[in-house]
Amino acid sequence: MRVLTWNVFHGRSQPPAGRPLLHEFAGAIAGWEWDVALLQEVPPWWPPTLARAAGAEQRTVLTSRNSLLWLRRAIASRWPDLIKSNGGGSNAILVRGPILAHGRVRLTWLPERRVAHGVALAGGTWLANLHASTHPHDRTVADCRLAIERARAWAAGAPLVLGGDLNLTRPAFPGLVHVAGHHVDHLFTQGPQPADPGEVLDAGALSDHRPLAVTLR
């Protein structure tokens, strides 16, 4: 099983492109090899399009800045670099295969709403996706620990993969194996073992994060 994690920077590029980039992001995600993609900072209306392009199912949870979403979407769909993160946020999980269950947990309301979620695959493995708070440090660590606790409860002893933008550069959690990392983006497992050291993919100018992928057995 190959797992990808990517913070898509609210659909923007670095340097700014000055135009909507949905089709570029969809093409990049569809073109890579993966079985499960864990995405953060996704414009809330994007996941169905990303999933269709990749031949995947998807599950989404809203995160922060989603009041008056119709207005935010109207601006972000035309001028994403003007509204930036105020275009609304979500986390999304794409799966090239059936999704049997979906769980979610709110991590915090302040300084902004953070949510972790997870899906169960046909073989019983659970995959959890989170974007932890940026600061303070104690809040960031607490977000990660709560997400891990809930993900373990969802998995109930089944194999578990947890990843996303943890906003930590050197995270370590008891009972979890760190299988890949790049800056603040990481993948951990409980059960599955890495078949390779992980790979940072080339997304060109898309996002301010690099996609991170690892193959698990």
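This is a short walk through the strands, one helix pair and a few backbone details of a predicted model.

I will start with the sheet that has six strands. The sheet is open, its pairing is mixed, and the strand order is β5-β6-β7-β8-β10-β9. At the edges sit β5 and β9, the latter covering residues 177–182, and each of these pairs on one side only. From one strand to the next the twist averages 15°.

Within that sheet, take β5 and β6. They run antiparallel and are joined by 8 bridges. One example is Ala 101, whose bridge partner in β6 is Ala 120.

What lies across these strands? Helix α5, residues 137–155, lies across β5, β6, β7, β8 and β10. Its direction is at about 150° to β5. For orientation on your screens, β7 is 126–131, β8 is 160–165 and β10 is 185–190.

Now to the other end of the chain, and β1 with β2. These two strands run parallel, with 5 bridges between them. Thr 5 stands opposite Leu 38 of β2.

How many residues of β2 are buried? The count is 5 of 5, so the strand is mostly covered. In a regular strand, side chains alternate between the two faces of the sheet. For β2, both faces are covered. Val 36, Leu 38 and Gln 40 are buried on one side, and Ala 37 and Leu 39 are buried on the other.

Next, the helix pair. Two packed helices are described by the angle between their axes and the distance between those axes. Here the helices are α1, residues 22–31, and α2, residues 47–54. Their axes come within 8 Å and cross at roughly 40°. That angle makes α1 oblique to α2, because the roughly parallel class is kept for angles under 35 degrees. The crossing of α1 past α2 is right-handed.

Which residues meet there? From α1 we have Leu 22, Phe 25, Ala 26, Ile 29 and Ala 30, and from α2 we have Thr 49, Leu 50, Ala 53 and Ala 54. By type, that contact holds 8 nonpolar residues, 1 polar and no charged.

Last, the backbone. Most residues other than glycine have a negative phi, and most peptide bonds are trans. I have two exceptions of each sort to show.

For phi, first look at the loop between β1 and α1, where Phe 9 lies. Phe 9 has a positive phi, near 60°, and is not a glycine. Is Phe 9 buried or exposed? Phe 9 is buried, at a relative accessible area of 11%.

The other case is Glu 41, in the loop between β2 and α2. Its phi is positive too, about 55°, and again the residue is not a glycine. Glu 41 has 19% relative accessibility and therefore counts as buried, since the cut-off is under 20%.

For the peptide bonds, go back to the loop between β1 and α1, which also holds Pro 15. The bond joining Gln 14 and Pro 15 is cis, with omega about 5°. A cis bond also joins Leu 110 and Pro 111, where omega is about 0°. Pro 111 is in the loop between β5, residues 99–108, and β6, residues 114–121.

That is what I have; questions are welcome.

Note on methods:
Residues numbered from 1 in each chain as written. Predicted model: local features only at pLDDT ≥ 70, side-chain atom pairs only at ≥ 80, totals over all residues. Heavy atoms only, no water. Axes fitted to C-alpha atoms, helices over the stretch in contact; angles between N-to-C directions. Helix = DSSP H or I, 4+ residues; strand = E, 2+ residues; numbered from the N terminus. Parallel < 35°, antiparallel > 145°, perpendicular 65-115°, else oblique. Left-handed = near helix turned anticlockwise from the far one by under 90°. Contact = heavy atoms within 4.5 Å. Nonpolar A, V, L, I, M, F, W, Y, C, P; charged D, E, K, R; others polar. Buried < 20%, exposed > 50% of the residue type's maximum accessible area, 1.4 Å probe, protein only. Pairing = 2+ DSSP bridges.
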